[in-house]
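Work through the exercises below with the model open. Try each task before reading its solution.

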Amino acid sequence: MSRMIELLAERGAAPARDFVLAWGEGRNTSWMNAAREATTRCGSIDHLPQIRGQLRFHLGEVAIANAAEKAGLGFIPIKSRPPGGVFNVARVGRFALASVVVREKYSIPRPSVTRLMLGQANKDLEPQTNLFADPSVVRPAAELAYFGCAIAVPWRKDPTVPAALALGALNADLTEWIEWIPLHCAYALLQERLDSADPTPSRGTDIPDNVFPRLRLPKAGEGEDIA
């Protein structure tokens, strides 16, 4: 847990704290808005869960983009492969964070989100650093920062609010969580770091890049039959 806080706060604890606060507020609001708008858009009661789920996704993408903007952090949209989907990735410290939903607190994101949407090579999150680099060399986003997820867990008893919000880090095979932190705990730890006697951000000298796994990019056509 302390390592995740170090990674989040590497470029400053204040922006990371502001992002956690803004995303938490925005995700809760998006959950409520999705439930309200779904009742007015669905053709019948049987369509309600599907419409509500679609709205949760789209409003959740707006929430993470707004949170990054409010915290003064960068974010970039990534297209899925095969085409058809787009999701936002926010750069928070050494993390590239995406907003996802899981069915249960300890489950991992759905295969359609992990294998297909996160498997596409993407432009550099910091294009100004390689302005004159070979354009044929494209690095995946996961190579630029330790990849993590901002997670919302559905609460089946009440479709208007999520049961839990958390920050989590997946292993290289996207099969299990290395670590996850409830959002309120992450906020408290970041605030504690700001209140400490030495709130200066880490420079990464004690966190070598080679200890963090990178996402394996699937070959063309691999996993295309995953729903």
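The exercises cover the sheet, the cores and one helix.

This is a predicted model: local features need pLDDT of at least 70, side-chain atom pairs count only at pLDDT 80 or more, and totals for chains, interfaces and linings use all residues. Residues are numbered from 1 along each chain as its sequence is written, and side-chain values use heavy atoms, without hydrogens or water.

**Exercise 1.** Lay out the sheet and find its edges.

Step 1. Take the strands as DSSP runs (E, at least two residues; helices are H or I, at least four), numbered from the N terminus. Two strands pair if DSSP finds at least two bridges between them.

Step 2. Write the order: E1-E2-E3-E4-E5-E6, an open sheet of 6 strands with mixed pairing.

Step 3. Look at the ends. E1 (75-79) and E6 (177-182) each have a single partner strand, so one side of each lacks a neighbour in the sheet.

Step 4. Check one pair. E4 (146-154) and E5 (162-170) run antiparallel over 7 bridges. Ile-151 stands opposite Ala-166 in E5.

Step 5. Add the helix. H3 (48-70) packs on the sheet and touches E1, E2, E3 and E4. Contact means heavy atoms within 4.5 Å. The direction of H3 makes about 25° with that of E2. Axes are lines fitted to C-alpha atoms, for helices over the stretch in contact; angles run from 0 to 180 degrees between N-to-C directions.

**Exercise 2.** Which residues of the largest nonpolar core touch the most other members?

Step 1. Define the core: buried Ala, Val, Leu, Ile, Met, Phe, Trp, Tyr and Cys residues joined through side-chain atoms within 4.5 Å. Buried means under 20% relative accessible area, exposed over 50%, partly exposed in between (1.4 Å probe, protein chains only).

Step 2. Pick the hubs among its 30 residues: Leu-8, Phe-19, Trp-23, Val-92, Phe-95, Leu-97 and Leu-167.

Step 3. Ask who supplies the core. H2 gives the largest share, 7 residues.

Step 4. Inspect Val-92. Beyond its neighbours within four places in sequence, its contacts are Leu-7, Leu-8, Ala-16, Phe-19, Leu-73 and Leu-97.

**Exercise 3.** Which residues of H5 are buried, and which exposed residues lie on the face turned away?

Step 1. List the buried residues of H5 (183-195): Leu-183, Ala-186, Leu-190 and Arg-193.

Step 2. View down the axis. These residues fall within an arc of 85°, so they line one face of H5. The arc is that of the directions from the helix axis to the C-beta atoms.

Step 3. Turn to the opposite face. His-184, Glu-192 and Asp-195 are exposed there.

Step 4. Name the cover. H1, H2, E5 and E6 are among what covers the buried residues of H5.
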